[in-house]
Amino acid sequence: MIYDDRRHLALVPSGRTGTLSVIALAGPGDNTITDTVPTQIGARTGAVDPRTGKVYLPTAEYALPAAAGQRPTPKPNTFAVLVLDR
């Protein structure tokens with residue numbers, strides 16, 4: 001989970017589904033998923049720029065399918081950083 005303190009948002013990347021859930025944090029018991037943004041399969045961690053609100057998600061292309069219980073193998077020379085902006 002990535003926390004954007006300035007905008008009171010929790011950003012939850014899912015590398016398995018290739019999405020980023022945006023959750024507005026209004027207070028205890030009052031949190032709402034406001035958006036689900038498509039990213040890329042494998043993007044499962046990241047950071048937010050507190051000044052701009054841009055989200056950076058490192059990823060790569062993966063050889064699929066992976067063996068049961070194993071992580072997929074990244075393809076050579078496919079590393080990228082996704083930049084998400086409102």
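In this predicted model, strands β2 and β3 run antiparallel and are joined by six bridges. Across this pairing, L11 stands opposite V22 of β3, a handy pair of residues to locate when orienting the structure on screen. The two strands form a hairpin with four residues between them. Within that turn, G18 adopts a positive phi of about 70°.

On its other side, β3 (residues 19-25) is connected to β4, again in an antiparallel arrangement, through seven bridges. A convenient place to pick up this pairing is L25, whose bridge partner in β4 is N31.

Turning to the N-terminal part of the sheet, β1 pairs with β2 (residues 9-14) in the antiparallel sense, and three bridges link the two strands. Here Y3 has A10 of β2 as its bridge partner. β1 and β2 make up a hairpin that has four residues between the strands, and one residue with a positive phi, H8, belongs to this hairpin.

Taken together, these pairings give an open sheet of four strands in the order β1-β2-β3-β4, with antiparallel pairing. The edges are formed by β1 (2-4) and β4 (31-38), each of which pairs on one side only. From one strand to the next, the twist averages 20°.

The backbone at two positions deserves a further word. Most residues other than glycine have a negative phi. H8, although not a glycine, has a positive phi of about 55°. H8 is found in the loop between β1 and β2. How accessible is H8 in this loop? Its relative accessible area is 43%, so H8 counts as partly exposed, a class that lies between the cut-offs of 20% and 50%.

The second position is N77, another residue other than glycine with a positive phi, in this case near 60°. N77 sits in the loop between β8 (73-74) and β9 (80-84). Is N77 buried or exposed there? With a relative accessible area of 82%, N77 is exposed, as that term applies to values over 50%. Readers following along in the structure can thus visit both residues in loops, H8 between β1 and β2 and N77 between β8 and β9.

Conventions:
Residues are numbered from 1 along each chain as its sequence is written. This is a predicted model: local features need pLDDT of at least 70, side-chain atom pairs count only at pLDDT 80 or more; totals for chains, interfaces and linings use all residues. Side-chain values use heavy atoms; hydrogens and water are left out. Two strands pair if DSSP finds at least two bridges between them. Axes are lines fitted to C-alpha atoms, for helices over the stretch in contact, and angles run from 0 to 180 degrees between N-to-C directions. Buried means under 20% relative accessible area, exposed over 50%, partly exposed in between (1.4 Å probe, protein chains only).
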